[in-house]
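Please read the report below alongside the sequence and the three-dimensional view. The text moves from one helix and the sheet beside it to the chain as a whole.

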Amino acid sequence: MPKSANYLLIGSTEAYSGKSTIAIGLAHKLQEQGIAIGYGKLLGNCLATRSISTDADVQFVTDTLKLSDNSIQPTLLMLNESIINKRLLAEEKTDYQKSLTQYLQVKGENLVILEGPSNLDEGSLFELSLPQVSEILNSAVILVTRPNSHSYIDSLLSAKQRLGNSLIGVIINDVPLPAQETVTTLVKPFLEARNIPVLGILPRSNLLRSVTVEELVKQLKAHVLCRSDRLDLMVESLTIGAMNVSSAIKYFRKATNMAVVTGGDRTDIQLAALETSTHCLILTGQLSPDELVLSRADDAEVPVLSVEYETLSTVEIINRAFGSVRLHEPVKVEFVKKLIAQHFDFERLLSHFQLGV
């Protein structure tokens, strides 16, 4: 058990494993038990072409957990191409490990939850990798992973070697239904036998993987043709309308809360989609839809988007959006609270800490 019992560092084996989701879910449950929570995000990341504000992420957690400003720890470093190049050229010489020691001055919270880098190596250039941070703060570590391939088990075994007893448990997140029995009956006992406690196995949720229509508009640089007032709708799945209309209807009825991508000239497919659980109609080819389609979409409160991309590129962009979704919608937060309460072993977690409540 780590020497210091008031820091919990939540890391992951790869990006977008669900660290923020887990942090919010755990913090809320601990608050319900009367435990004062602090929060911090060590590294911000702006390497993507579309800049994401770390401050916005931290602010969302602050608002969701109703934390005071004194309970929020500062982000030490925003990763971007400029600061990386300066570090490589020795123009940027900040001692971030020294800066990190300010976290040790936290007072008033029973437990400080820190969101770590996206994997065990990120931040090494600045001596802020997850193992380095854990050592400086003497923090307990929980790793979040997704069973995207068999290599996730290798990643956890490697992490155990690097983190040692600081690793107090792992959470296997976003487990598809067909894999749940294997993860529960084979993977969990295997890891437990190697002193890697499995604190939670969280099932896949279409809601948590969903994105808003507004986010799709931004990612696709789309033009909104109607119902710009309903960009808050959540899209849980993607369907391509490229078949004959009778086949399309059967296909559409199998999905819920979907975005349908089809050609701007496929009026038959567009109308068929609007008769099913469609939350967004995305038209490729820069062709104007029939007025009948826009009228029907307006009545059904379904946004219609027009994009410059062809179908394949449009689908690739949407799939990337699903793969990098962030937890910024209240409906998701409420779901996460219930998910964590049902599938996470809080007693086992709390056994590692001495918390005065």
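In this predicted model, helix α1, which spans residues 19-32, lies across the strands β1, β2, β6, β7, β8 and β9, and runs at about 150 degrees to β1. The loop between β1 and α1 contains A15, a residue that counts as partly exposed because its relative accessibility is 39%. Although A15 and S324 are 309 residues apart along the chain, their C-alpha atoms are separated by 8.4 Å.

The strands that α1 lies across belong to an open sheet of seven strands with parallel pairing, in the order β4-β2-β6-β1-β7-β8-β9. At the edges of this sheet stand β4 and β9, each with a single partner strand, so one side of each is left without a neighbour in the sheet. In general, the strands of a sheet pair through backbone hydrogen bonds, either parallel or antiparallel. Here, β8 and β9 run parallel and are joined by four bridges, and within this pair I171 stands opposite G200 of β9.

The residue ranges of several of these strands are listed below.

| Strand | Residues |
|---|---|
| β1 | 7-12 |
| β2 | 37-41 |
| β4 | 72-73 |
| β6 | 111-115 |
| β7 | 140-145 |
| β8 | 167-175 |
| β9 | 198-203 |

Further along the chain, helix α13 covers residues 330-343, and its 14 residues reach 20 Å from the first C-alpha to the last, close to the 20 Å expected at 1.5 Å a residue. Which residues of α13 are buried? They are K332, V333, V336, K337, L339 and I340, a set that includes two lysines alongside valine, leucine and isoleucine. As a general point, an α-helix has 3.6 residues a turn, so residues three or four places apart point the same way.

Taken as a whole, the secondary structure of the chain comes to 14 helices and 16 strands. The radius of gyration is 23 Å, close to the 21 Å that the globule rule gives for 357 residues, so the chain is as compact as a globular protein of that length. Along the principal axes, the C-alpha atoms fill a box of roughly 65 × 50 × 35 Å.

Of the 357 residues, 50% count as buried, while the chain exposes about 16800 Å², of which carbon and sulfur atoms supply 48%. Among contacts with a separation of 6 or more, 70% are accounted for by residues 24 or more positions apart.

Notes. Residues numbered from 1 in each chain as written. Predicted model: local features only at pLDDT ≥ 70, side-chain atom pairs only at ≥ 80, totals over all residues. Heavy atoms only, no water. Expected span 1.5 Å × (residues − 1). Buried < 20%, exposed > 50% of the residue type's maximum accessible area, 1.4 Å probe, protein only. Pairing = 2+ DSSP bridges. Contact = heavy atoms within 4.5 Å. Axes fitted to C-alpha atoms, helices over the stretch in contact; angles between N-to-C directions. Rg over C-alpha atoms; globule rule 2.2 N^0.38 Å. Areas by Shrake-Rupley, 256 points an atom, 1.4 Å probe, with all protein chains shown as cover.
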